[in-house]
Amino acid sequence: MSFRQNIFEQFEKPEGLLGKLAGKIMSSENKELNEWTISALQPGAGDRLLEVGYGPGVGIEFVCSSYPSCHIVGYDVSHVMKKQAESRNDSFIKEGRVELFEGPITSADKHTPKFDGVYTVNSIFIWNDPIGDLKKIKSLMKEQARIAVTLQPHEKGADDDTTKEIGRIISLYLKEAGFSHISASVKNMRPVDAVIVTAAKPV
C-alpha cells in the first residue's frame, strides 16, 4: 500500500501517527465548512445538537463558542479523533456542555434525549449504510428538528459538477430515510465547490 493510499484511508478512520496528521489537516480544511453548516441550522437557545463524524472537534468548538447555551453530543468511529476532539474541547466537556462518543451513530442509545438539530461535515460518504444511518439519526431527533449534511469532494478529478451530483445523491438519501423539506445549496470554494443539504424530521 502506498503512502498516499495510507493517508487517504486515514480520513476514513484516522489511526496512529498518520491519523494525527489527518486530524490536523481536517482541522484547517473543515473549519469554514463547519461554521457554514452549523450556521445553516440556526441553533436556538438551549438547543441540544448532534454531530456525526466530529473529527478533531472543530465544529464542536465553534458551537460552544458561538452558541453558549447549546449542548452538543458527538459520535466518531476514530479513537484518535476522539482524543483530539477531547483535547480541543476540554473546558467545554468539564462544563458538561459536550459529550463525545467513540463508535458509529448506530451505537447511540435510543433512549437518549431527542436532538433539536443534527449536522455532519465530509463524512456521509464513508458511512457503511448512509440511508440506514440517517434513519437512526431521524429516530433520535425531535419532530420538525433539522439536519444539515455538508460535503466538499476531494477525490481526484472532482469538479463543481461533481458537487452538484453529490447534492442530488445526499438529497435522495434523505428522502429515502423519510426526511422532508429537503433543500440543497452550493458554496463557492477552492479547489471545488461544497454543497449543503438541509432537511427536517416530519411531524
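# Exercises on a predicted model

Cysteine 70 is buried, its relative accessible area being 1%. The model is a predicted one, and the exercises below start from this residue.

**Exercise 1. Determine how many disulfides the structure holds and account for the state of cysteine 64 and cysteine 70.**

Solution.
- Step 1: A disulfide is a covalent bond between the sulfur atoms of two cysteines.
- Step 2: The cut-off for counting such a pair is sulfur atoms within 2.5 Å.
- Step 3: For cysteine 70, the closest cysteine sulfur is that of cysteine 64, at 8.5 Å, which is too far for a bond.
- Step 4: Taken from the other end, cysteine 64 has its closest cysteine sulfur in cysteine 70.
- Step 5: Cysteine 64 is buried, with a relative accessible area of 3%.
- Result: Searching the whole structure gives 0 disulfides.

**Exercise 2. Classify the ring pair of tyrosine 75 and phenylalanine 101, and place both residues in the chain.**

Solution.
- Step 1: A pair of aromatic rings is described by the distance of the centres and the angle of the planes.
- Step 2: The structure has 3 aromatic pairs. In one of them, tyrosine 75 and phenylalanine 101 have ring centres 4.9 Å apart and planes at 15 degrees.
- Step 3: Planes under 30 degrees apart count as stacked, and the pair of tyrosine 75 and phenylalanine 101 is stacked.
- Step 4: Tyrosine 75 belongs to strand β2 (residues 71-76) and phenylalanine 101 to strand β3 (residues 98-102), so the pair links distant parts of the chain, 26 residues apart.
- Step 5: Tyrosine 75 has 10% relative accessibility and therefore counts as buried, whereas phenylalanine 101, at 32%, counts as partly exposed.

**Exercise 3. Do the analysis for phenylalanine 125 and tyrosine 173.**

Solution.
- Step 1: The ring centres of phenylalanine 125 and tyrosine 173 are 6.2 Å apart, and the planes make an angle of 75 degrees.
- Step 2: An angle over 60 degrees counts as edge-to-face, so this pair is edge-to-face.
- Step 3: Phenylalanine 125 sits in the loop between β4 (115-121) and α7 (130-139), and tyrosine 173 in helix α8 (residues 160-176); the pair therefore ties together parts 48 residues apart in sequence.
- Step 4: Both rings belong to partly exposed residues: the relative accessible area is 36% for phenylalanine 125 and 21% for tyrosine 173.

**Exercise 4. Describe the cover and the pairing of strand β7 (residues 194-200).**

Solution.
- Step 1: In β7, 7 of 7 residues are buried.
- Step 2: Sort these residues by face. Ala194, Ile196, Thr198 and Ala200 are on one side, Val195, Val197 and Ala199 on the other, and both faces are covered.
- Step 3: Strand β5 (residues 141-151) pairs with β7 in the antiparallel sense over 6 bridges. Isoleucine 147 has alanine 199 of β7 as its bridge partner.
- Step 4: Strand β6 (residues 180-187) also runs antiparallel to β7, joined by 6 bridges. Here serine 180 is bridged to alanine 200.
- Step 5: The connection from β6 to β7 is a hairpin through 6 residues.

**Exercise 5. Which residue caps the N-terminal end of α5, and which residues of this helix are buried?**

Solution.
- Step 1: The cap is serine 78, with a side-chain oxygen 3.3 Å from the backbone nitrogen of valine 80.
- Step 2: Helix α5 spans residues 79-88, and its buried residues include Val80, Met81, Lys82, Gln84 and Ala85.
- Step 3: An α-helix has 3.6 residues a turn, so residues three or four places apart point the same way.

Methods. Residues are numbered from 1 along each chain as its sequence is written. This is a predicted model: local features need pLDDT of at least 70, side-chain atom pairs count only at pLDDT 80 or more; totals for chains, interfaces and linings use all residues. Side-chain values use heavy atoms; hydrogens and water are left out. Rings of Phe, Tyr and Trp (its six-membered ring) pair if their centres lie within 6.5 Å; planes under 30 degrees apart count as stacked, over 60 as edge-to-face and the rest as tilted. Helices (H or I, at least four residues) and strands (E, at least two) are DSSP runs, numbered from the N terminus. Buried means under 20% relative accessible area, exposed over 50%, partly exposed in between (1.4 Å probe, protein chains only). A polar contact is a pair of N or O atoms within 3.5 Å; within protein, one must be able to donate a hydrogen and the other to accept it, and residues adjacent in sequence count only if both atoms are side-chain atoms. Two strands pair if DSSP finds at least two bridges between them.
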